[in-house]
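Dear colleague,

I am passing on the structure we spoke about, with the sequence alongside. Please open both before reading the notes underneath.

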Amino acid sequence: MKYKKWSLAEKLEILACSEEIGAVETCRKYSVSSGTLYSWKKKHDNNGEAGLKVTYDTRSKELKQLEEENRILRKLLSNKEIELEVGRELLKKKFGTSDPRKI
């Protein structure tokens, strides 16, 4: 069974429906496990709508963006290091020395 991400509006709708027709029928109608429904209900009772909001999505999106930026910067740095090494090798061949201080 595939995991489904429910929006805040969907969660509120399902909770309202469970109050009207009962938990078992609501779980069947929306294909939600009873554990998930009762977990949502508990969070809603304790913290209201804020308890049902998804907080990990925004952090993980930011984290993914930062990881991608980090990957790009590492690639740029490695390319620059390769360019510098090629330049050093060309200087060695041109001046015939392995000691850069003698240049």
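The notes below go from the chain as a whole to a few particular side chains.

Please keep in mind throughout that this is a predicted model. The protein chain contains five helices and zero strands, and its pattern, when read along the sequence, is α-α-α-α-α. Of the 103 residues in the protein chain, 15% are buried, while the accessible surface of the chain comes to about 8800 Å², with 55% of that surface belonging to carbon and sulfur atoms. As for how the chain meets itself, if one takes the contacts with a separation of 6 or more, 45% of them are between residues 24 or more positions apart.

Turning to the side chains, a search of the whole structure finds one aromatic pair, and the two rings in it are those of W6 and W40, which are placed edge-to-face, at 5.9 Å centre to centre and with 75 degrees between the planes. Because W6 lies in the segment before α1 (8-21) whereas W40 belongs to helix α3 (residues 34-47), the pair ties together parts of the chain that are 34 residues apart in sequence. Both W6 and W40 are buried, which here refers to a relative accessible area under 20%.

W6 also has a charged neighbour to look at, since K4 lies over the face of the W6 ring, at 4.4 Å from the ring centre. When you have the model on screen, W6 would therefore be a convenient residue to start from, as it pairs with W40 and has K4 over its face.

With best wishes

Notes: Residues are numbered from 1 along each chain as its sequence is written. This is a predicted model: local features need pLDDT of at least 70, side-chain atom pairs count only at pLDDT 80 or more; totals for chains, interfaces and linings use all residues. Side-chain values use heavy atoms; hydrogens and water are left out. Helices (H or I, at least four residues) and strands (E, at least two) are DSSP runs, numbered from the N terminus. Buried means under 20% relative accessible area, exposed over 50%, partly exposed in between (1.4 Å probe, protein chains only). Contact means heavy atoms within 4.5 Å. Accessible areas come from the Shrake-Rupley method with a 1.4 Å probe; for residues, only the protein chains shown count as cover. Rings of Phe, Tyr and Trp (its six-membered ring) pair if their centres lie within 6.5 Å; planes under 30 degrees apart count as stacked, over 60 as edge-to-face and the rest as tilted. A charge sits over a ring if NZ of Lys or CZ of Arg is within 6 Å of the ring centre and within 35 degrees of the ring normal.
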